[in-house]
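Here is a friendly walk through a structure you may not have met before. Have a look at the chains first, and then we can go through them piece by piece.

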Amino acid sequence: MGATLSGMSALVVGAGGLGGPAALALAAGGVGRLVVVDEDEVEISNLNRQPLFGDADLGERKAAAAARRIALLHPGVRVEGRDQRFGPDVAEDLVRGCDVLVDASDNFATRFLANDVALAARRPLVHGAVLRHTAQFLTVMPGKTGCLRCLFEAPPAEGTVPACAQAGVLGALAGFAGALMGAEALRLLHGERGAYAGRLVAFDARTGRSRLVPLRVRASCPSCSAVAASTSPGER
Amino acid sequence: MALTEAEVARYARQLILPGMGEASQEAFRSARVRVTGGGLAAAPAVYYLAAAGIGTLWIDEPDEVSPGSGAGFALGPADLGRPRGAALAAFARAANALVTADVFRPGSRPTAVLVCGSSSDVSRAIADEARLLRTPHVVADVDGQGGAVTTVPVDAPCYACAARPGLGAAPTQEGGATVGALAAMELLLLLSGASSEPVARRIEVFRGTPLVRATSRQPGCACAGPAAAGLAP
Amino acid sequence: MTGTPLPAARIDVRPHACPVTWVKARIALSRLATGQVLEVLLADGEPRENVPRSAEEDGHRVLRLEAAPEEGPGTWRAWLERGPEPEERAWP
(Lines give C-alpha, C1' and ligand atoms only; values in the text may rest on other atoms or scores of the structure.)
Protein backbone atom coordinates (compact mmCIF):
# COMPACT_ATOMS: atom_id res chain seq x y z
CA MET A 1 0.00 0.00 0.00
CA GLY A 2 0.95 3.62 0.05
CA ALA A 3 1.12 4.02 -3.72
CA THR A 4 -1.32 6.56 -5.03
CA LEU A 5 -4.32 5.45 -7.03
CA SER A 6 -4.91 8.86 -8.59
CA GLY A 7 -4.17 7.47 -12.04
CA MET A 8 -6.57 4.57 -11.63
CA SER A 9 -10.24 4.35 -12.44
CA ALA A 10 -12.98 2.06 -11.17
CA LEU A 11 -16.39 1.19 -12.56
CA VAL A 12 -19.20 0.42 -10.13
CA VAL A 13 -22.36 -1.12 -11.57
CA GLY A 14 -25.24 -0.19 -9.29
CA ALA A 15 -25.40 2.72 -6.85
CA GLY A 16 -27.58 1.00 -4.26
CA GLY A 17 -27.06 -1.02 -1.11
CA LEU A 18 -23.82 -2.62 -2.36
CA GLY A 19 -22.60 -0.09 -4.90
CA GLY A 20 -23.00 2.88 -2.57
CA PRO A 21 -20.62 1.70 0.16
CA ALA A 22 -18.29 0.16 -2.47
CA ALA A 23 -18.05 3.50 -4.28
CA LEU A 24 -17.47 5.35 -1.00
CA ALA A 25 -14.65 2.95 -0.10
CA LEU A 26 -13.03 3.43 -3.51
CA ALA A 27 -13.32 7.21 -3.24
CA ALA A 28 -11.90 7.21 0.28
CA GLY A 29 -9.10 4.94 -0.93
CA GLY A 30 -8.05 7.62 -3.38
CA VAL A 31 -9.04 6.21 -6.75
CA GLY A 32 -8.65 8.96 -9.34
CA ARG A 33 -11.78 8.35 -11.38
CA LEU A 34 -14.99 6.64 -10.38
CA VAL A 35 -17.76 5.73 -12.82
CA VAL A 36 -21.11 4.74 -11.31
CA VAL A 37 -23.80 3.24 -13.54
CA ASP A 38 -27.44 3.04 -12.47
CA GLU A 39 -30.68 3.36 -14.38
CA ASP A 40 -33.08 3.68 -11.45
CA GLU A 41 -34.48 6.47 -9.39
CA VAL A 42 -34.38 6.76 -5.62
CA GLU A 43 -37.40 5.06 -4.04
CA ILE A 44 -38.54 5.08 -0.44
CA SER A 45 -37.77 1.37 0.02
CA ASN A 46 -34.12 2.06 -0.95
CA LEU A 47 -33.54 4.30 2.03
CA ASN A 48 -33.05 1.54 4.61
CA ARG A 49 -29.69 0.63 3.09
CA GLN A 50 -28.36 3.00 0.40
CA PRO A 51 -25.94 5.44 2.04
CA LEU A 52 -25.59 7.75 -0.97
CA PHE A 53 -29.23 8.81 -0.65
CA GLY A 54 -31.50 10.40 1.94
CA ASP A 55 -35.04 11.72 2.08
CA ALA A 56 -34.08 14.80 0.05
CA ASP A 57 -33.14 12.58 -2.90
CA LEU A 58 -36.47 10.74 -3.25
CA GLY A 59 -37.57 10.61 -6.88
CA GLU A 60 -34.15 11.70 -8.18
CA ARG A 61 -32.10 9.74 -10.69
CA LYS A 62 -29.69 7.57 -8.74
CA ALA A 63 -26.71 8.17 -11.02
CA ALA A 64 -26.91 11.94 -10.61
CA ALA A 65 -27.63 11.85 -6.89
CA ALA A 66 -24.81 9.35 -6.29
CA ALA A 67 -22.28 11.41 -8.24
CA ARG A 68 -23.30 14.55 -6.39
CA ARG A 69 -23.00 12.88 -3.00
CA ILE A 70 -19.62 11.27 -3.68
CA ALA A 71 -18.24 14.54 -5.08
CA LEU A 72 -19.42 16.37 -1.96
CA LEU A 73 -17.63 13.92 0.33
CA HIS A 74 -14.57 13.39 -1.88
CA PRO A 75 -13.94 16.45 -4.06
CA GLY A 76 -10.58 15.04 -5.16
CA VAL A 77 -12.19 12.17 -7.05
CA ARG A 78 -13.48 12.57 -10.60
CA VAL A 79 -16.94 11.04 -10.40
CA GLU A 80 -19.10 10.23 -13.40
CA GLY A 81 -22.68 9.16 -12.85
CA ARG A 82 -24.05 7.26 -15.85
CA ASP A 83 -27.84 7.23 -15.92
CA GLN A 84 -28.21 4.17 -18.12
CA ARG A 85 -28.70 0.45 -18.05
CA PHE A 86 -25.49 -1.58 -17.98
CA GLY A 87 -26.52 -3.40 -21.15
CA PRO A 88 -24.65 -5.20 -23.93
CA ASP A 89 -24.59 -1.99 -26.01
CA VAL A 90 -22.53 0.04 -23.52
CA ALA A 91 -20.94 -2.50 -21.18
CA GLU A 92 -17.74 -3.21 -23.06
CA ASP A 93 -16.83 0.45 -23.63
CA LEU A 94 -17.48 1.26 -19.98
CA VAL A 95 -15.38 -1.67 -18.76
CA ARG A 96 -12.47 -1.00 -21.14
CA GLY A 97 -12.28 2.53 -19.76
CA CYS A 98 -11.60 1.33 -16.22
CA ASP A 99 -8.97 -0.66 -14.31
CA VAL A 100 -11.40 -2.64 -12.19
CA LEU A 101 -15.09 -3.52 -12.40
CA VAL A 102 -17.24 -3.81 -9.28
CA ASP A 103 -20.49 -5.63 -9.96
CA ALA A 104 -22.98 -4.40 -7.38
CA SER A 105 -26.03 -5.10 -9.52
CA ASP A 106 -29.18 -6.79 -8.31
CA ASN A 107 -30.03 -9.22 -11.10
CA PHE A 108 -28.53 -12.25 -12.77
CA ALA A 109 -28.63 -10.92 -16.33
CA THR A 110 -26.40 -7.99 -15.37
CA ARG A 111 -24.10 -10.18 -13.28
CA PHE A 112 -23.45 -12.54 -16.15
CA LEU A 113 -23.00 -9.67 -18.59
CA ALA A 114 -20.50 -8.04 -16.22
CA ASN A 115 -18.68 -11.36 -15.96
CA ASP A 116 -18.48 -11.88 -19.72
CA VAL A 117 -17.46 -8.31 -20.50
CA ALA A 118 -14.78 -8.29 -17.79
CA LEU A 119 -13.31 -11.44 -19.31
CA ALA A 120 -13.50 -10.07 -22.86
CA ALA A 121 -11.89 -6.78 -21.83
CA ARG A 122 -9.46 -8.57 -19.49
CA ARG A 123 -10.33 -6.44 -16.49
CA PRO A 124 -10.53 -7.83 -12.95
CA LEU A 125 -14.08 -8.15 -11.64
CA VAL A 126 -15.26 -7.99 -8.05
CA HIS A 127 -18.67 -9.61 -7.83
CA GLY A 128 -20.85 -9.39 -4.73
CA ALA A 129 -24.46 -10.05 -3.88
CA VAL A 130 -26.74 -10.16 -0.84
CA LEU A 131 -29.93 -12.11 -0.36
CA ARG A 132 -31.76 -12.21 2.93
CA HIS A 133 -29.06 -13.01 5.52
CA THR A 134 -26.37 -14.12 3.10
CA ALA A 135 -23.65 -12.19 1.31
CA GLN A 136 -21.38 -13.68 -1.32
CA PHE A 137 -18.20 -12.54 -3.03
CA LEU A 138 -16.13 -13.67 -5.98
CA THR A 139 -13.23 -12.00 -7.73
CA VAL A 140 -12.59 -12.95 -11.32
CA MET A 141 -9.05 -12.48 -12.67
CA PRO A 142 -9.38 -13.07 -16.41
CA GLY A 143 -7.10 -15.84 -17.61
CA LYS A 144 -6.12 -16.76 -14.05
CA THR A 145 -9.18 -17.73 -12.03
CA GLY A 146 -12.54 -19.27 -12.71
CA CYS A 147 -15.50 -17.00 -13.40
CA LEU A 148 -19.19 -16.80 -12.62
CA ARG A 149 -19.97 -19.12 -15.54
CA CYS A 150 -17.47 -21.71 -14.28
CA LEU A 151 -19.61 -21.75 -11.16
CA PHE A 152 -23.18 -21.47 -12.45
CA GLU A 153 -22.93 -21.90 -16.24
CA ALA A 154 -25.93 -19.67 -16.89
CA PRO A 155 -28.30 -17.35 -15.09
CA PRO A 156 -31.04 -19.25 -13.24
CA ALA A 157 -34.37 -19.40 -15.04
CA GLU A 158 -36.68 -16.54 -14.20
CA GLY A 159 -38.96 -17.28 -11.29
CA THR A 160 -36.66 -19.82 -9.63
CA VAL A 161 -35.05 -17.17 -7.44
CA PRO A 162 -36.99 -14.39 -5.77
CA ALA A 163 -37.14 -11.15 -7.68
CA CYS A 164 -34.93 -8.89 -5.62
CA ALA A 165 -37.65 -6.54 -4.46
CA GLN A 166 -39.60 -9.50 -3.04
CA ALA A 167 -36.70 -10.76 -0.97
CA GLY A 168 -35.68 -9.28 2.33
CA VAL A 169 -32.38 -7.48 2.70
CA LEU A 170 -30.68 -6.56 5.91
CA GLY A 171 -29.37 -3.08 5.14
CA ALA A 172 -26.32 -3.28 7.35
CA LEU A 173 -25.34 -6.62 5.81
CA ALA A 174 -25.45 -4.97 2.38
CA GLY A 175 -23.28 -2.18 3.80
CA PHE A 176 -20.79 -4.69 5.17
CA ALA A 177 -20.69 -6.51 1.83
CA GLY A 178 -20.37 -3.32 -0.20
CA ALA A 179 -17.49 -2.09 1.95
CA LEU A 180 -15.74 -5.46 1.55
CA MET A 181 -16.21 -5.22 -2.23
CA GLY A 182 -14.71 -1.72 -2.24
CA ALA A 183 -11.79 -2.93 -0.12
CA GLU A 184 -11.24 -5.85 -2.49
CA ALA A 185 -11.21 -3.52 -5.51
CA LEU A 186 -8.66 -1.31 -3.72
CA ARG A 187 -6.44 -4.36 -3.12
CA LEU A 188 -6.57 -5.21 -6.82
CA LEU A 189 -5.79 -1.62 -7.85
CA HIS A 190 -2.78 -1.70 -5.53
CA GLY A 191 -1.60 -4.84 -7.30
CA GLU A 192 -2.29 -7.10 -4.34
CA ARG A 193 -3.93 -10.50 -4.55
CA GLY A 194 -7.70 -10.43 -4.18
CA ALA A 195 -9.17 -12.14 -1.13
CA TYR A 196 -11.93 -13.64 -3.29
CA ALA A 197 -9.79 -14.42 -6.34
CA GLY A 198 -10.43 -18.01 -7.33
CA ARG A 199 -12.77 -18.70 -4.44
CA LEU A 200 -16.36 -17.94 -3.65
CA VAL A 201 -16.83 -16.63 -0.12
CA ALA A 202 -20.35 -16.80 1.32
CA PHE A 203 -21.12 -15.22 4.69
CA ASP A 204 -24.26 -16.01 6.69
CA ALA A 205 -25.18 -13.19 9.05
CA ARG A 206 -27.21 -15.45 11.34
CA THR A 207 -24.55 -18.03 12.05
CA GLY A 208 -21.67 -15.62 11.39
CA ARG A 209 -19.98 -18.38 9.43
CA SER A 210 -18.23 -18.04 6.11
CA ARG A 211 -18.11 -20.78 3.51
CA LEU A 212 -15.18 -20.84 1.09
CA VAL A 213 -15.59 -22.65 -2.20
CA PRO A 214 -12.45 -22.95 -4.33
CA LEU A 215 -13.18 -22.21 -7.96
CA ARG A 216 -11.10 -23.54 -10.84
CA VAL A 217 -11.45 -22.65 -14.48
CA ARG A 218 -14.01 -25.08 -15.88
CA ALA A 219 -12.65 -26.55 -19.12
CA SER A 220 -15.99 -26.19 -20.87
CA CYS A 221 -16.62 -22.60 -19.71
CA PRO A 222 -17.34 -20.59 -22.87
CA SER A 223 -16.30 -17.24 -21.37
CA CYS A 224 -12.96 -18.48 -20.01
CA SER A 225 -12.22 -20.45 -23.21
CA ALA A 226 -12.62 -17.24 -25.21
CA VAL A 227 -10.06 -15.52 -22.99
CA ALA A 228 -7.62 -18.41 -23.28
CA ALA A 229 -7.98 -18.39 -27.08
CA SER A 230 -7.21 -14.68 -27.22
CA THR A 231 -4.12 -15.00 -25.00
CA SER A 232 -0.86 -15.07 -26.87
CA PRO A 233 1.42 -18.07 -26.16
CA GLY A 234 3.96 -15.74 -24.57
CA GLU A 235 1.36 -14.50 -22.13
CA ARG A 236 0.46 -18.01 -21.06
CA MET B 1 -48.14 1.14 18.23
CA ALA B 2 -48.62 -0.42 14.80
CA LEU B 3 -46.33 0.63 11.99
CA THR B 4 -47.40 3.62 9.95
CA GLU B 5 -47.74 3.54 6.16
CA ALA B 6 -44.53 5.58 5.93
CA GLU B 7 -42.68 3.02 8.03
CA VAL B 8 -44.00 0.06 6.07
CA ALA B 9 -42.86 1.66 2.79
CA ARG B 10 -39.42 2.67 4.05
CA TYR B 11 -38.56 -0.52 5.90
CA ALA B 12 -40.25 -2.87 3.42
CA ARG B 13 -37.10 -4.75 2.50
CA GLN B 14 -36.19 -5.59 6.09
CA LEU B 15 -39.79 -6.27 7.16
CA ILE B 16 -39.87 -9.29 4.84
CA LEU B 17 -36.69 -10.86 6.22
CA PRO B 18 -37.11 -14.26 7.83
CA GLY B 19 -37.24 -13.78 11.59
CA MET B 20 -38.05 -10.10 11.30
CA GLY B 21 -41.31 -8.24 10.95
CA GLU B 22 -43.58 -5.81 12.68
CA ALA B 23 -42.38 -6.69 16.18
CA SER B 24 -38.68 -6.23 15.39
CA GLN B 25 -39.35 -2.94 13.62
CA GLU B 26 -41.26 -1.71 16.65
CA ALA B 27 -38.32 -2.79 18.81
CA PHE B 28 -35.99 -0.73 16.60
CA ARG B 29 -38.28 2.27 16.89
CA SER B 30 -38.37 2.15 20.68
CA ALA B 31 -34.59 1.57 21.03
CA ARG B 32 -32.28 4.33 22.24
CA VAL B 33 -28.73 3.69 21.07
CA ARG B 34 -25.63 5.57 22.15
CA VAL B 35 -22.79 5.60 19.61
CA THR B 36 -19.45 6.57 21.07
CA GLY B 37 -15.68 6.19 21.05
CA GLY B 38 -14.15 8.44 18.39
CA GLY B 39 -13.23 5.63 15.97
CA LEU B 40 -13.59 5.29 12.21
CA ALA B 41 -16.53 2.88 12.47
CA ALA B 42 -18.89 5.45 14.01
CA ALA B 43 -20.10 7.22 10.86
CA PRO B 44 -21.07 4.10 8.90
CA ALA B 45 -22.57 2.55 12.03
CA VAL B 46 -24.69 5.66 12.61
CA TYR B 47 -25.90 5.48 9.03
CA TYR B 48 -27.02 1.84 9.17
CA LEU B 49 -28.70 2.25 12.56
CA ALA B 50 -30.57 5.35 11.43
CA ALA B 51 -31.52 3.83 8.07
CA ALA B 52 -32.90 0.71 9.78
CA GLY B 53 -35.16 2.85 11.96
CA ILE B 54 -33.50 2.93 15.37
CA GLY B 55 -35.86 5.46 16.93
CA THR B 56 -33.38 7.41 19.02
CA LEU B 57 -29.68 7.81 18.34
CA TRP B 58 -27.43 9.60 20.76
CA ILE B 59 -24.03 10.37 19.33
CA ASP B 60 -21.29 10.84 21.85
CA GLU B 61 -18.39 12.19 19.79
CA PRO B 62 -17.12 15.43 21.28
CA ASP B 63 -14.11 15.89 18.98
CA GLU B 64 -14.18 17.99 15.86
CA VAL B 65 -14.45 16.51 12.38
CA SER B 66 -10.92 16.12 11.02
CA PRO B 67 -9.75 14.71 7.68
CA GLY B 68 -8.61 11.51 9.39
CA SER B 69 -11.65 11.00 11.61
CA GLY B 70 -13.65 8.82 9.29
CA ALA B 71 -15.52 11.72 7.84
CA GLY B 72 -15.56 10.32 4.30
CA PHE B 73 -18.54 7.99 4.69
CA ALA B 74 -20.92 10.59 6.02
CA LEU B 75 -19.23 13.96 6.22
CA GLY B 76 -17.21 15.97 3.75
CA PRO B 77 -14.75 18.85 3.72
CA ALA B 78 -17.62 21.26 4.43
CA ASP B 79 -18.00 19.62 7.85
CA LEU B 80 -14.36 19.96 8.89
CA GLY B 81 -14.05 21.63 12.26
CA ARG B 82 -17.67 21.03 13.28
CA PRO B 83 -18.28 19.00 16.43
CA ARG B 84 -18.42 15.41 15.20
CA GLY B 85 -21.42 14.39 17.30
CA ALA B 86 -23.64 17.19 16.02
CA ALA B 87 -22.50 16.66 12.44
CA LEU B 88 -23.22 12.92 12.57
CA ALA B 89 -26.59 13.54 14.20
CA ALA B 90 -27.54 15.90 11.37
CA PHE B 91 -26.37 13.29 8.86
CA ALA B 92 -28.52 10.63 10.53
CA ARG B 93 -31.60 12.86 10.39
CA ALA B 94 -30.97 13.55 6.69
CA ALA B 95 -30.63 9.81 6.07
CA ASN B 96 -33.94 9.06 7.78
CA ALA B 97 -36.46 11.74 8.61
CA LEU B 98 -38.38 9.29 10.82
CA VAL B 99 -35.68 8.96 13.48
CA THR B 100 -34.47 11.22 16.23
CA ALA B 101 -30.73 11.80 16.38
CA ASP B 102 -28.90 14.15 18.70
CA VAL B 103 -25.70 14.52 20.65
CA PHE B 104 -25.53 12.39 23.78
CA ARG B 105 -26.32 14.19 27.00
CA PRO B 106 -24.79 12.81 30.20
CA GLY B 107 -27.38 11.04 32.32
CA SER B 108 -29.40 9.78 29.33
CA ARG B 109 -30.08 6.05 29.58
CA PRO B 110 -29.57 4.18 26.32
CA THR B 111 -31.06 0.72 25.77
CA ALA B 112 -27.93 -0.32 23.86
CA VAL B 113 -24.46 1.05 23.17
CA LEU B 114 -22.40 0.85 20.01
CA VAL B 115 -18.76 1.23 21.00
CA CYS B 116 -16.56 2.56 18.19
CA GLY B 117 -13.39 3.16 20.15
CA SER B 118 -10.40 4.88 18.60
CA SER B 119 -8.27 2.28 20.42
CA SER B 120 -8.99 -0.96 22.25
CA ASP B 121 -8.27 0.77 25.58
CA VAL B 122 -10.95 3.34 24.84
CA SER B 123 -13.36 0.57 23.78
CA ARG B 124 -12.58 -1.44 26.89
CA ALA B 125 -13.43 1.43 29.24
CA ILE B 126 -16.73 2.22 27.50
CA ALA B 127 -17.69 -1.45 27.20
CA ASP B 128 -17.08 -1.97 30.91
CA GLU B 129 -19.25 0.98 31.76
CA ALA B 130 -22.08 -0.46 29.61
CA ARG B 131 -21.65 -3.89 31.21
CA LEU B 132 -21.94 -2.46 34.72
CA LEU B 133 -25.15 -0.67 33.70
CA ARG B 134 -26.41 -3.99 32.25
CA THR B 135 -26.78 -2.42 28.81
CA PRO B 136 -26.22 -4.71 25.80
CA HIS B 137 -23.39 -3.45 23.62
CA VAL B 138 -21.47 -4.14 20.45
CA VAL B 139 -17.83 -3.14 20.06
CA ALA B 140 -16.29 -2.24 16.70
CA ASP B 141 -12.48 -2.35 16.43
CA VAL B 142 -11.00 -1.18 13.15
CA ASP B 143 -7.70 -2.81 12.20
CA GLY B 144 -6.25 -2.04 8.78
CA GLN B 145 -8.75 -2.88 6.05
CA GLY B 146 -10.81 -4.95 8.47
CA GLY B 147 -11.09 -5.47 12.21
CA ALA B 148 -13.37 -7.15 14.70
CA VAL B 149 -16.88 -6.80 16.07
CA THR B 150 -17.72 -8.16 19.51
CA THR B 151 -21.34 -8.62 20.55
CA VAL B 152 -22.00 -8.50 24.28
CA PRO B 153 -25.59 -9.18 25.35
CA VAL B 154 -26.45 -8.68 29.02
CA ASP B 155 -24.59 -11.19 31.23
CA ALA B 156 -22.51 -12.48 28.30
CA PRO B 157 -18.71 -12.81 28.44
CA CYS B 158 -17.42 -9.24 28.43
CA TYR B 159 -15.46 -7.44 25.73
CA ALA B 160 -12.21 -7.83 27.65
CA CYS B 161 -12.77 -11.60 27.82
CA ALA B 162 -13.53 -11.80 24.11
CA ALA B 163 -10.90 -9.44 22.72
CA ARG B 164 -7.83 -10.87 21.03
CA PRO B 165 -4.87 -9.02 19.64
CA GLY B 166 -5.22 -8.12 15.96
CA LEU B 167 -2.68 -6.94 13.42
CA GLY B 168 -2.47 -3.51 14.98
CA ALA B 169 -2.50 -1.99 11.50
CA ALA B 170 -3.40 1.63 10.90
CA PRO B 171 -7.17 1.94 10.47
CA THR B 172 -8.42 2.66 6.95
CA GLN B 173 -11.68 4.20 5.76
CA GLU B 174 -12.77 0.95 4.12
CA GLY B 175 -11.95 -0.89 7.34
CA GLY B 176 -14.11 1.60 9.22
CA ALA B 177 -16.99 1.09 6.81
CA THR B 178 -16.64 -2.70 6.95
CA VAL B 179 -16.55 -2.91 10.71
CA GLY B 180 -19.05 -0.08 11.30
CA ALA B 181 -21.67 -1.72 9.08
CA LEU B 182 -21.01 -5.13 10.64
CA ALA B 183 -21.33 -3.69 14.14
CA ALA B 184 -24.63 -2.05 13.21
CA MET B 185 -25.79 -5.40 11.82
CA GLU B 186 -24.93 -7.19 15.05
CA LEU B 187 -26.72 -4.59 17.14
CA LEU B 188 -29.79 -4.74 14.89
CA LEU B 189 -29.89 -8.54 15.11
CA LEU B 190 -29.57 -8.27 18.87
CA LEU B 191 -32.37 -5.69 19.15
CA SER B 192 -34.66 -7.44 16.65
CA GLY B 193 -35.38 -10.23 19.11
CA ALA B 194 -35.13 -12.64 16.18
CA SER B 195 -32.98 -14.89 18.31
CA SER B 196 -34.55 -16.36 21.40
CA GLU B 197 -31.10 -16.60 22.95
CA PRO B 198 -28.99 -13.47 22.22
CA VAL B 199 -25.77 -14.43 20.49
CA ALA B 200 -22.48 -13.59 22.23
CA ARG B 201 -19.87 -13.74 19.52
CA ARG B 202 -16.91 -12.04 17.92
CA ILE B 203 -16.56 -11.70 14.16
CA GLU B 204 -13.07 -10.92 12.91
CA VAL B 205 -12.51 -9.69 9.38
CA PHE B 206 -9.02 -9.98 7.95
CA ARG B 207 -8.19 -10.09 4.25
CA GLY B 208 -11.85 -9.69 3.44
CA THR B 209 -13.02 -12.89 5.09
CA PRO B 210 -15.21 -12.90 8.21
CA LEU B 211 -14.47 -15.54 10.85
CA VAL B 212 -16.77 -16.03 13.82
CA ARG B 213 -16.04 -17.30 17.31
CA ALA B 214 -18.36 -17.80 20.25
CA THR B 215 -17.00 -15.72 23.11
CA SER B 216 -16.12 -17.29 26.44
CA ARG B 217 -15.33 -15.97 29.85
CA GLN B 218 -11.75 -15.69 31.08
CA PRO B 219 -11.33 -17.40 34.45
CA GLY B 220 -11.72 -14.96 37.29
CA CYS B 221 -13.02 -12.08 35.17
CA ALA B 222 -15.24 -9.65 37.05
CA CYS B 223 -17.94 -10.10 34.38
CA ALA B 224 -18.76 -13.53 35.80
CA GLY B 225 -20.35 -11.74 38.73
CA PRO B 226 -19.68 -12.00 42.46
CA ALA B 227 -20.10 -15.79 42.55
CA ALA B 228 -17.27 -16.52 40.16
CA ALA B 229 -15.09 -13.87 41.73
CA GLY B 230 -15.35 -15.68 45.04
CA LEU B 231 -17.43 -12.98 46.69
CA ALA B 232 -20.64 -14.99 46.94
CA PRO B 233 -21.83 -16.00 50.39
CA MET C 1 -68.22 -28.56 1.97
CA THR C 2 -64.54 -28.07 1.41
CA GLY C 3 -63.32 -28.03 4.97
CA THR C 4 -61.53 -24.76 4.30
CA PRO C 5 -61.85 -22.32 7.19
CA LEU C 6 -63.28 -18.91 6.35
CA PRO C 7 -60.83 -16.00 6.32
CA ALA C 8 -60.06 -14.57 9.75
CA ALA C 9 -58.85 -11.33 8.22
CA ARG C 10 -58.93 -9.54 4.91
CA ILE C 11 -56.63 -6.95 3.37
CA ASP C 12 -56.68 -5.03 0.11
CA VAL C 13 -53.22 -4.42 -1.34
CA ARG C 14 -54.48 -3.22 -4.74
CA PRO C 15 -53.36 0.38 -4.09
CA HIS C 16 -49.79 -0.77 -3.44
CA ALA C 17 -46.81 -1.82 -5.53
CA CYS C 18 -44.03 -4.33 -4.92
CA PRO C 19 -42.55 -4.80 -2.34
CA VAL C 20 -45.22 -3.18 -0.14
CA THR C 21 -47.89 -5.61 -1.43
CA TRP C 22 -46.08 -8.57 0.10
CA VAL C 23 -44.99 -6.62 3.19
CA LYS C 24 -48.63 -5.83 4.00
CA ALA C 25 -49.68 -9.44 3.48
CA ARG C 26 -46.78 -10.73 5.57
CA ILE C 27 -47.58 -8.41 8.48
CA ALA C 28 -51.25 -9.42 8.33
CA LEU C 29 -50.26 -13.11 8.31
CA SER C 30 -47.97 -12.59 11.29
CA ARG C 31 -50.96 -11.39 13.30
CA LEU C 32 -52.86 -14.64 12.70
CA ALA C 33 -52.50 -17.98 14.42
CA THR C 34 -51.19 -20.98 12.51
CA GLY C 35 -54.00 -22.42 10.38
CA GLN C 36 -56.02 -19.20 10.16
CA VAL C 37 -56.71 -17.78 6.71
CA LEU C 38 -56.02 -14.34 5.30
CA GLU C 39 -57.93 -13.06 2.30
CA VAL C 40 -55.88 -10.73 0.10
CA LEU C 41 -57.29 -8.67 -2.75
CA LEU C 42 -54.64 -8.25 -5.43
CA ALA C 43 -54.18 -6.46 -8.71
CA ASP C 44 -53.57 -8.68 -11.72
CA GLY C 45 -50.04 -9.10 -13.05
CA GLU C 46 -46.99 -8.75 -10.82
CA PRO C 47 -48.85 -8.75 -7.44
CA ARG C 48 -50.96 -11.79 -8.43
CA GLU C 49 -47.79 -13.70 -9.33
CA ASN C 50 -45.45 -12.58 -6.59
CA VAL C 51 -47.54 -12.31 -3.42
CA PRO C 52 -48.72 -15.97 -3.44
CA ARG C 53 -45.21 -17.15 -4.38
CA SER C 54 -43.60 -15.16 -1.58
CA ALA C 55 -46.20 -16.53 0.83
CA GLU C 56 -45.29 -20.10 -0.13
CA GLU C 57 -41.58 -19.36 0.20
CA ASP C 58 -42.31 -18.04 3.68
CA GLY C 59 -44.00 -21.30 4.70
CA HIS C 60 -47.66 -20.35 4.23
CA ARG C 61 -50.20 -22.21 2.04
CA VAL C 62 -52.08 -20.78 -0.89
CA LEU C 63 -55.61 -22.21 -0.57
CA ARG C 64 -57.21 -20.21 -3.35
CA LEU C 65 -56.14 -17.89 -6.12
CA GLU C 66 -58.99 -16.75 -8.32
CA ALA C 67 -60.27 -13.82 -10.29
CA ALA C 68 -62.68 -11.70 -8.27
CA PRO C 69 -64.32 -9.37 -10.79
CA GLU C 70 -67.13 -8.63 -8.32
CA GLU C 71 -64.52 -6.77 -6.22
CA GLY C 72 -63.50 -4.60 -9.15
CA PRO C 73 -62.06 -4.94 -12.64
CA GLY C 74 -58.80 -6.91 -12.76
CA THR C 75 -59.02 -7.92 -9.11
CA TRP C 76 -57.77 -11.28 -7.85
CA ARG C 77 -58.43 -12.94 -4.54
CA ALA C 78 -55.91 -15.08 -2.67
CA TRP C 79 -56.61 -17.11 0.44
CA LEU C 80 -53.40 -17.63 2.38
CA GLU C 81 -53.26 -20.04 5.29
CA ARG C 82 -50.86 -18.97 8.01
CA GLY C 83 -48.01 -21.49 8.26
CA PRO C 84 -46.08 -22.52 11.35
CA GLU C 85 -43.69 -20.13 13.06
CA PRO C 86 -40.79 -19.72 10.67
CA GLU C 87 -37.86 -21.96 11.49
CA GLU C 88 -35.53 -18.95 11.45
CA ARG C 89 -36.74 -18.12 14.92
CA ALA C 90 -34.63 -20.98 16.17
CA TRP C 91 -31.19 -19.44 15.86
CA PRO C 92 -27.87 -21.10 16.41
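Let's start in chain C, where E1(C) and strand E2 (residues 37-43) run parallel and are joined by four bridges. If you want a spot to look for, find C:Asp12, which stands opposite C:Leu41 in E2(C). Keep in mind that all of this comes from a predicted model.

That pair belongs to something wider: an open sheet of four strands in chain C, in the order E1-E2-E4-E3 and with mixed pairing. Which strands sit at the edges, pairing on one side only? They are strand E1 (9-12) and strand E3 (61-67) of chain C. Going from one strand of this sheet to its neighbour, the average turn is 20 degrees, direction ignored. Helix H2 (residues 46-57) of chain C packs on the sheet, where this helix touches E2, E3 and strand E4 (75-81) of chain C. The direction of H2(C) makes about 155 degrees with that of E2(C).

The other helix to know here is H1 (residues 20-30) of chain C. Is H1(C) mostly covered or mostly open? Mostly covered: nine of its eleven residues are buried. Among them are C:Val20, C:Trp22, C:Val23 and C:Leu29, and the list also includes C:Lys24 and C:Arg26. What do these buried residues pack against? Part of the answer lies within chain C, namely E1, E2, H2 and E4, and part lies across the border, in H1 and H2 of chain B.

How sure is the predictor about chain C? Its mean pLDDT is 88, with 89% of the residues reaching 70 or more. One stretch to treat with care is residues 88-92 of chain C, where pLDDT stays under 50. For that stretch the model has 13 contacts beyond four places in sequence. For the model, the scores are ipTM 0.95 and pTM 0.93.

Now to the places where chains meet. The contact between B and C takes 15 residues from chain B and twelve residues from chain C. On the chain B side, helix H1 (5-10) and helix H2 (12-15) are the elements that give two or more residues. H2(B) gives the most, with three residues. The other contact, between A and B, brings together 41 residues of chain A and 40 residues of chain B. On the chain A side, helix H1 (19-28), helix H2 (62-73), helix H6 (171-189) and strand E7 (199-204) each supply at least two residues. H6(A) has the largest share, eleven residues.

Here is the make-up of two of these sides by class:

| Side | Nonpolar | Polar | Charged |
|---|---|---|---|
| Chain B, touching chain C | eight residues | four residues | three residues |
| Chain A, touching chain B | 25 residues | eleven residues | five residues |

One residue in helix H6 of chain A is worth a stop: A:Glu184. Why does A:Glu184 count as buried? Because 31 other C-beta atoms lie within 10 Å, and 20 or more is enough for a residue to be called buried. Leaving out residues up to four places away in sequence, A:Glu184 touches A:Val126, A:Thr139, A:Gly194, A:Ala195, A:Tyr196 and, over in chain B, B:Gly208. A:Ala195 sits eleven residues from A:Glu184 along the chain, and their C-alpha atoms are separated by 6.8 Å.

Staying in chain A, look at E7(A) and E8(A), which run antiparallel and are joined by five bridges. One facing pair is A:Phe203 and A:Ser210, the latter in E8(A). The two strands form a hairpin with five residues between them, and A:Gly208 in the turn has a positive phi of about 80 degrees. How many of the five residues of strand E8 (residues 210-214) are buried? The count is zero, so to speak a hardly covered strand.

Finally, step back to chain B as a whole. Chain B holds eight helices and eight strands, and 55% of its 233 residues are buried. Its C-alpha atoms fill a box of roughly 50 × 40 × 40 Å along the principal axes. Its radius of gyration is 17 Å, which agrees with the value near 17 Å that a compact globule of 233 residues would have. Among contacts in chain B between residues at least 6 apart in sequence, 68% join residues at least 24 apart.

Conventions: Residues numbered from 1 in each chain as written. Chains lettered and ligands numbered in written order. Contact = placed C-beta atoms within 7 Å. Nonpolar A, V, L, I, M, F, W, Y, C, P; charged D, E, K, R; others polar. Rg over C-alpha atoms; globule rule 2.2 N^0.38 Å. Buried ≥ 20, exposed ≤ 12 C-beta atoms within 10 Å, placed from the backbone. Pairing = 2+ DSSP bridges. Axes fitted to C-alpha atoms, helices over the stretch in contact; angles between N-to-C directions. pLDDT = per-residue confidence, 0-100.
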